[in-house]
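Hi everyone, thanks for coming. I'd like to walk you through one structure today, taking a pocket to begin with and then some helix packing. Have a look at the picture while I talk.

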Amino acid sequence: MALKLLLLLSLLLLFSTAAYSQRQPILSTSYYQKKCPRFEQIMQDTTTNKQITSPTTAAATLRLFFHDCFMGGCDASVLISSTPFNKAERDADINLSLPGDGFDVVVRAKTALELACPGIVSCADILAVAARNLVLMMGGPYYTVKLGRKDSLISKASYVEGNLPRPRMPMNQIVQIFTSRGFSIQEMVALSGAHTIGFSHCKEFSSILYNYSRNAQSDPAYNPRFAQALRNACADYNKNPTLSVFNDVMSPNKFDNIYYQNVQKGLGILSSDHALNSDPRTKGYVELYAKNQNAFFVAFARAMEKLSVYGVKTGRKGEIRRRCDAFNN
């Protein structure tokens with residue numbers, strides 16, 4: 001009887017382990033070692049050349065990666081172009097400002113990889129590795145990117161609203177977007193450090209820069225002289241919606257912890273930046289990362305590793321697209 005019970009338990013354990021392994025995506029750092037041995041070199045060459053030619057590429061790609069992953073997982077759904085029959089993610093209101101350099105670096109890498117190993121490398125893997133390479137190139141931390149993602153089979157603009165944080169959202173709502181995906185508040189603050197590179201359009205923070213209240217032209221969280229400089233820089237934003245300013249005015253072309261120091265001094269750009277420094281749930285992490293760049297880099301690297309495997313598609317749940325902007329026929 002005891003032997004039968006032991007055998008039964010062993011079988012149950014075996015089946016549950018098999019079921020668990022089927023649920024868990026099988027990703028690996030060596031996924032393309034045999035299938036596409038030049039993968040890493042092609043990715044390195046493409047990202048380096050693109051960043052040298054277009055210095056905004058790193059920030060553009062990092063933002064594109066984040067917008068892709070938070071909308072249903074890291075599956076390249078944001079890269080799909082709309083058709084007369086489907087309005088895709090990239091045409092959702094919040095994604096219209098995604099810079100073209102992020103899309104372009106993926107297309108360049110895909111073109112080179114299709115020549116080297118046709119039909120092998122997913123657009124989702126290309127975007128994930130491009131973001132990592134470019135963070136490193138800007139002086140940021142290295143982190144591991146496991147490979148083997150498939151590309152999504154669906155991309156709909158109507159699914160986007162409310163699933164990506166907006167600068168003017170209340171902190172409670174931003175926290176909820178992160179925590180509902182399994183990310184802690186500390187990870188949220190670390191990922192916000194991506195604002196150390198890149199820029200924001202004036203229209204994204206105009207509501208806290210002009211006519212803020214009866215008693216203040218701008219949000220009092222701004223350093224007054226900085227607010228005046230921003231008002232001057234953004235004066236024509238209504239006529240010119242492309243007007244933008246650097247997220248980190250002190251070291252805009254370097255991935256470092258200065259963003260957190262700026263936020264403490266009232267030199268943040270967005271209302272969400274100011275909120276990080278005022279909300280008791282996030283303020284302590286801002287203080288830690290402002291003082292200690294290594295602590296920020298360690299936290300950012302871990303959070304990016306976690307983000308890069310969020311909601312990935314494997315097996316029949318995805319495909320290897322021939323073109324990154326269109327589903328296979």
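Let me start with a definition: when I say helix or strand, I mean a DSSP run, at least four residues for a helix and at least two for a strand, numbered from the N terminus. Please also keep in mind that this is a predicted model.

So, the pocket. How much space lies in the largest pocket? About 1,000 Å³. There are 42 residues lining that pocket, and the ones closest to its centre are Arg 63, His 67, Pro 165, His 195 and Glu 204.

Which elements supply the lining? At least two residues each come from helix 3, helix 6 (171-179), helix 7 (185-192), strand 1 (199-201), helix 10 (271-278) and helix 12. Helix 3 gives the most, with 7 residues. If you sort the lining by class, you get 26 nonpolar, 9 polar and 7 charged residues.

Now for the helices. Two packed helices are described by the angle between their axes and the distance between those axes. I'll use both for each pair.

Let's stay with helix 3, residues 57-70, and look at its packing with helix 12, residues 293-308. Their axes come within 10 Å and cross at roughly 50°. Angles from 35 up to 65 degrees fall in the oblique class, and helix 3 and helix 12 are therefore oblique to each other. On the helix 3 side, the contact is made by Leu 62, Phe 65, Phe 66, Cys 69 and Phe 70, and on the helix 12 side by Phe 300, Met 304, Leu 307 and Ser 308. That contact has 8 nonpolar residues, 1 polar and no charged.

Helix 7, which we met in the pocket lining, packs with helix 11, residues 283-291, at an angle of about 45°, and the axes are 10 Å apart. This pair is therefore oblique as well, and helix 7 passes helix 11 in a right-handed crossing. Ile 185, Gln 186, Val 189 and Ala 190 of helix 7 make the contact with Tyr 285, Val 286 and Tyr 289 of helix 11. By class, that is 6 nonpolar, 1 polar and no charged residues.

One pair to go. At what angle do helix 4 (residues 100-116) and helix 5 (residues 123-137) pack? About 120°, with axes 10 Å apart. Helix 4 and helix 5 are therefore oblique to each other, and the crossing is right-handed. Val 106, Ala 109, Lys 110 and Leu 113 in helix 4 meet Cys 123, Ile 126 and Leu 127 in helix 5. The classes here are 6 nonpolar, no polar and 1 charged.

That's my tour, and I'm happy to take questions!

Conventions:
Residues numbered from 1 in each chain as written. Predicted model: local features only at pLDDT ≥ 70, side-chain atom pairs only at ≥ 80, totals over all residues. Heavy atoms only, no water. Axes fitted to C-alpha atoms, helices over the stretch in contact; angles between N-to-C directions. Parallel < 35°, antiparallel > 145°, perpendicular 65-115°, else oblique. Left-handed = near helix turned anticlockwise from the far one by under 90°. Contact = heavy atoms within 4.5 Å. Nonpolar A, V, L, I, M, F, W, Y, C, P; charged D, E, K, R; others polar. 1 Å grid on protein atoms, 1.4 Å probe; cavity = no way out; pocket = protein on both sides within 12 Å on 5 of 7 lines; lining within 4 Å. Points joined across faces, edges and corners; volume = space filled by probe spheres on them.
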